[in-house]
Amino acid sequence: MNLQNPKKFKMLIDQAHESALKVLRPISRKYDKAEHSYPKELDMFASLIDGMNDGGEGINAGAAVGKRGSTETGNKNGVNMSTVLGVIEMCYGDTGLLLSMPRQGLGNSAIAAVANDEQLERFKGTWAAMAITEPGCGSDSAAIRTTAIKDGYDYILNGEKIFVTSGERADAVVVWATLDKKLGRAAIKSFVVPKGTPGMKVERLEHKLGIKASDTAVISFIDCRVPAENLLGHAEIDVAKGFAGVMETFDNTRPLVAAMAVGCAKASLERIKEIFKDQLDENYQTPYLQTSHIAAQIYRMEAEWEAARLLTMKAAWMADNKKPNSREASISKAKAGRICNEITLKCVELTASVGYNEDELLEKWARDSKILDIFEGTQQIQQLIIARRELGKNSSELK
């Protein structure tokens with residue numbers, strides 16, 4: 001197993017790293033304080049990323065299932081790997097600003113996961129947010145109550161979604177809704193609802209602990225009419241397949257969230273190593289038990305971070321090579337989310353007043369990190385999914 005970054009992505013990683021330092025990091029505090037203000041600096045930056053994506057594998061949330069119809073065989077490092085590596089570097093700059101990037105919404109991964117070829121072409125270039133969570137439905141996505149009733153050539157949506165990342169700014173929202181509550185998970189489908197569709201209304205924007213540069217919306221749907229062709233994938237309800245169709249979305253997005261956590265933790269680790277450089281052995285030649293307490297804690301955090309990074313890369317590699325990665329996606333998300341929280345908070349603790357005040361970004365990274373262990377499935381949900389995969393049990397057998 002080769003644990004190094006693929007050499008062909010070196011230029012991408014270097015460009016993303018430089019962008020994080022020169023574009024995102026300088027405006028990080030500005031948009032942390034100006035919550036709900038759109039970062040206009042991202043418009044030109046997003047255009048550059050679009051150009052990179054058009055030329056091949058880049059940081060492309062909308063291509064997270066690889067190239068359809070590909071005949072490549074053997075070991076492939078493709079768009080999932082390049083996206084994960086790019087996201088790590090971008091979140092090294094600022095997680096909230098990455099989440100604000102046009103055309104890189106989590107809804108784009110949802111489209112890539114379940115859309116047919118015609119829909120992939122039609123929604124190409126669309127900035128899509130993703131609306132799953134409801135007031136009474138958080139981690140249990142199968143409990144969705146938003147309904148989609150067929151009416152001629154349309155579906156009529158009714159319900160409310162909360163915590164929709166980029167819900168106000170995006171061109172469209174991918175909405176999860178049920179075609180028939182009696183049929184449970186199998187009846188849940190996803191719909192692309194363009195911004196401005198009658199019946200869809202942004203009710204409010206949330207005030208948050210972290211990722212303040214990213215808008216998080218509450219959206220209501222009242223008799224919202226959506227064309228039937230905007231239902232992603234197939235309209236048929238396959239009880240045997242169950243929830244698998246829409247859950248494929250999470251298999252694509254969870255490694256991306258893990259990459260965000262790896263990037264955010266990397267920023268904190270690098271900064272604390274700068275602060276305590278006089279107490280660290282840069283060549284790692286001093287035995288662990290003979291180091292100072294602070295050095296030992298930093299070395300331990302580095303080891304945990306490296307484990308999270310490699311697990312994230314594995315989940316991305318499996319997706320590129322069309323291997324089932326539901327278990328690995330949850331493992332990477334659970335590990336990276338937890339470790340990111342631990343590292344960023346420990347860095348604030350070890351640096352005391354330096355880490356707690358706003359002269360440093362350490363306190364901001366600690367605040368930003370919390371959401372990375374929550375959205376796209378909490379730590380507890382990830383562990384439950386992993387247990388089901390390990391024990392070969394379904395959701396009704398292991399709750």
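Here are four short exercises with worked solutions on this predicted model.

**Exercise 1: The whole chain**

Find how many helices and strands the protein chain has, and work out whether the chain is compact for its length.

*Solution.*
- Step 1: Begin with the elements: the protein chain holds 12 helices and 7 strands.
- Step 2: Next, take the radius of gyration, which is 21 Å, close to the 21 Å that the globule rule gives for 399 residues, so the chain is as compact as a globular protein of that length.
- Step 3: For the extent, look along the principal axes, where the C-alpha trace spans about 70 × 45 × 45 Å.
- Step 4: Finally, turn to the contacts: of those with a separation of 6 or more, 74% are between residues 24 or more positions apart.

**Exercise 2: Inside and outside**

Describe how the protein chain divides into buried residues and accessible surface, and which helix and strand are largely enclosed.

*Solution.*
- Step 1: Of the 399 residues in the protein chain, 56% are buried.
- Step 2: The accessible surface comes to about 18000 Å², and carbon and sulfur atoms account for 53% of that area.
- Step 3: Now pick out helix α5 (residues 106-114): 9 of its 9 residues are buried, so the rest of the structure largely encloses this helix. Among them are L106, N108, I111 and V114.
- Step 4: Strand β5 (residues 188-194) has 6 of its 7 residues buried, so β5 too is largely enclosed by the rest of the structure.

**Exercise 3: Pairing the strands**

Work out which strands pair with β5 and β7, and in which sense.

*Solution.*
- Step 1: Start at β5, which is joined to strand β4 (residues 172-178) by 7 bridges, the two running antiparallel. To find a place where they meet, look for A177, which stands opposite K189 in β5.
- Step 2: Move to strand β7 (residues 216-227), which pairs with strand β3 (residues 154-165) over 9 bridges in the antiparallel sense. Here V164 has A217 of β7 as its bridge partner.
- Step 3: β7 also pairs with strand β6 (residues 200-205), again antiparallel, over 5 bridges. M200 has F221 of β7 as its bridge partner.

**Exercise 4: One residue in a loop**

Locate T126, decide whether T126 is buried or exposed, and list what T126 touches.

*Solution.*
- Step 1: T126 sits in the loop between α6 (117-122) and β1 (128-131).
- Step 2: The cut-off for buried is under 20% relative accessible area. T126 has 17% relative accessibility, so T126 counts as buried.
- Step 3: Leaving aside residues up to four places away in sequence, T126 touches R103, N108, D171 and A172.
- Step 4: Link this to the earlier exercises: N108 is one of the buried residues of α5, and A172 falls within β4 (residues 172-178).

Conventions: Residues numbered from 1 in each chain as written. Predicted model: local features only at pLDDT ≥ 70, side-chain atom pairs only at ≥ 80, totals over all residues. Heavy atoms only, no water. Helix = DSSP H or I, 4+ residues; strand = E, 2+ residues; numbered from the N terminus. Buried < 20%, exposed > 50% of the residue type's maximum accessible area, 1.4 Å probe, protein only. Contact = heavy atoms within 4.5 Å. Pairing = 2+ DSSP bridges. Rg over C-alpha atoms; globule rule 2.2 N^0.38 Å. Areas by Shrake-Rupley, 256 points an atom, 1.4 Å probe, with all protein chains shown as cover.
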